[in-house]
Amino acid sequence: MSTVVKKYDKAQIDALYQRIRSQAQRETHPQYTWWQLKLPETTITAYTSGKVVFQGQETSWLEEASPAETRSEDTRSRTAADTFPQAGSDEVGTGDYFGPMTVAACLVSEEAAGQLQKMEITDSKKMTNAAIRKAGPVIRRLCPHSILVVSPEKYNEVHLHHNIVDMKARLHDQAWKHLVKKAGRLPEVSVVDQFVQEKSYYKYAGPDAVRPLRFETKAESRYLAVAAASVLAREAFLKYWDDMEDRWQMHFQKGAGPAVDKCGRLFLETHSREELGKVAKLHFRNTEKISR
């Protein structure tokens with residue numbers, strides 16, 4: 001068995017996937033990969049680093065995606081990103097030990113797009129909390145939207161039976177279904193900020209999931225509708241966070257680092273483990289660290 005390693009950019013990896021996935025006998029998603037496809041005589045593994053490994057006897061797949069293919073993919077992406085109306089979905093809070101997970105879907109019309117662009121709406125991770133709090137009400141006024149907030153308590157209950165990818169897929173689909181009810185129909189450009197391959201997304205979301213959707217990584221940086229959804233999800237997260245701090249009379253730390261561990265220990269000095277489950281996602285390693 002021969003092994004060949006190639007270096008591809010993301011557009012070439014996507015083009016290769018589109019070309020060969022229909023012939024794959026099995027698709028898996030090992031850690032640090034975009035995908036791994038098992039073909040009759042070859043296994044192809046595409047790593048998130050850009051490295052693509054071909055193992056087997058068949059060599060016809062070694063031809064890289066042509067520049068024409070790459071340009072075509074990029075051109076379609078740019079054209080779609082500039083097309084309105086468009087819709088998008090994104091989630092916030094999955095990397096924070098404390099607080100909820102929030103998911104939002106949003107539809108941006110051409111008219112609304114002009115106003116949102118003037119406000120410099122972008123990926124919520126690149127916006128200040130003050131800017132998000134200011135932009136959220138404007139987006140909610142201008143755009144059909146759906147916002148889902150999963151409290152830590154509910155999150156912990158669901159996580160006993162569903163992994164995080166499963167939960168995210170189901171929540172995104174629920175947000176899309178709510179959006180369809182509000183908007184009547186979805187535009188041709190409807191994009192999920194990709195957190196899993198399309199096939200796995202629909203496996204988790206189920207046979208009645210909203211289709212068709214586009215799946216693109218870092219979509220919040222290219223599609224205004226995904227950016228708007230990101231802002232709505234972040235605004236809902238911040239509102240829940242404010243209420244959580246008021247209720248427990250405590251300042252909680254965001255993220256999952258050492259400062260969060262210290263905060264968790266302070267919480268457990270005056271509250272029970274059961275109450276910790278009302279403010280934190282208990283499957284995080286932080287729970288083990290602060291309970292020592």
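Start by selecting Asp261, which you'll find in helix 9, the stretch covering residues 258-270. One thing to keep in mind as you click around: this is a predicted model. Is Asp261 buried or exposed? Its relative accessibility is 8%, so it counts as buried, the cut-off being under 20%.

Keep Asp261 selected and show what surrounds it. Setting aside residues up to four places away in sequence, Asp261 touches Asn286, Lys289 and Ile290. Now add Ser291 to your selection. Asp261 and Ser291 sit 30 residues apart in sequence, and their C-alpha atoms are 9.5 Å apart in space.

**Zoom out**

Show the whole chain as a cartoon. You should be able to pick out eleven helices and ten strands. The radius of gyration is 21 Å, close to the 19 Å that the globule rule gives for 292 residues, so the chain is as compact as a globular protein of that length. If you turn the C-alpha trace along its principal axes, the spans are about 65 × 50 × 35 Å.

Switch to a surface view. The chain exposes about 15000 Å², with carbon and sulfur atoms supplying 48% of that area. How much of the chain is buried? Of the 292 residues, 48% are.

Try colouring by charge next. There are 43 positive and 38 negative side chains, and the centres of those two sets lie 1 Å apart.

Here's something about how the chain folds back on itself. Take the contacts between residues at least 6 apart in sequence: 67% of them join residues at least 24 apart.

**Helix 3: two sides to look at**

Select residues 110-118, which make up helix 3, and highlight its buried residues: Ala112, Ala113 and Leu116. Why do they line one face of the helix? Look down the axis of helix 3: the buried residues fall within an arc of 105 degrees, so they line one face.

Now spin to the other side of helix 3, where Glu110, Glu111 and Lys118 are exposed. Then go back to the buried residues and find what covers them. The cover includes strand 7 (101-108), helix 4 (129-142) and helix 8 (224-248). Before moving on, click on Glu120, which follows helix 3 and has a positive phi, near 60 degrees.

**Helix 5: another one-sided helix**

Select residues 152-159 for helix 5, and pick out its buried residues, Pro152, Tyr155 and Asn156. Around the axis they cover an arc of only 95 degrees, which puts them on the same side of helix 5. What covers them? The cover includes strand 7, strand 8 (145-150), helix 6 (164-183) and helix 8.

**Inside helix 8**

Stay with helix 8 and select Ala233, which lies in it. With a relative accessibility of 0%, Ala233 counts as buried. Which residues is Ala233 in contact with, leaving aside its neighbours within four places in sequence? They are Asp90, Val92, Thr102, Val103 and Ala104. For a distance check, draw a line between the C-alpha atoms of Ala233 and Ala131: these residues are 102 apart along the chain, and the atoms are separated by 14 Å.

**Two cis peptide bonds**

Next, zoom in on Phe84 and Pro85. The peptide bond from Phe84 to Pro85 is cis, and its omega is near 5 degrees. Pro85 is in the loop between helix 2 (67-81) and strand 6 (86-92).

Then jump to Arg211 and Pro212. A cis peptide bond joins this pair too, with omega at about -10 degrees. Look for Pro212 in the loop between helix 7 (198-205) and strand 10 (214-216).

**Last stop: positive phi without glycine**

Select Tyr32 in the loop between strand 2 (26-28) and strand 3 (33-38). Tyr32 isn't a glycine, yet its phi is positive, about 70 degrees. Is Tyr32 buried or exposed? At 59% relative accessibility, Tyr32 counts as exposed.

Finish at Lys218, in the loop between strand 10 and helix 8. Lys218 isn't a glycine either, and its phi is positive at about 55 degrees. Its relative accessible area is 61%, so Lys218 is exposed.

Key. Residues numbered from 1 in each chain as written. Predicted model: local features only at pLDDT ≥ 70, side-chain atom pairs only at ≥ 80, totals over all residues. Heavy atoms only, no water. Helix = DSSP H or I, 4+ residues; strand = E, 2+ residues; numbered from the N terminus. Rg over C-alpha atoms; globule rule 2.2 N^0.38 Å. Buried < 20%, exposed > 50% of the residue type's maximum accessible area, 1.4 Å probe, protein only. Contact = heavy atoms within 4.5 Å. Areas by Shrake-Rupley, 256 points an atom, 1.4 Å probe, with all protein chains shown as cover. Lys, Arg positive; Asp, Glu negative; His and termini not counted. Charge placed at Lys NZ, Arg CZ, Asp CG, Glu CD. Arc of directions from axis to C-beta.
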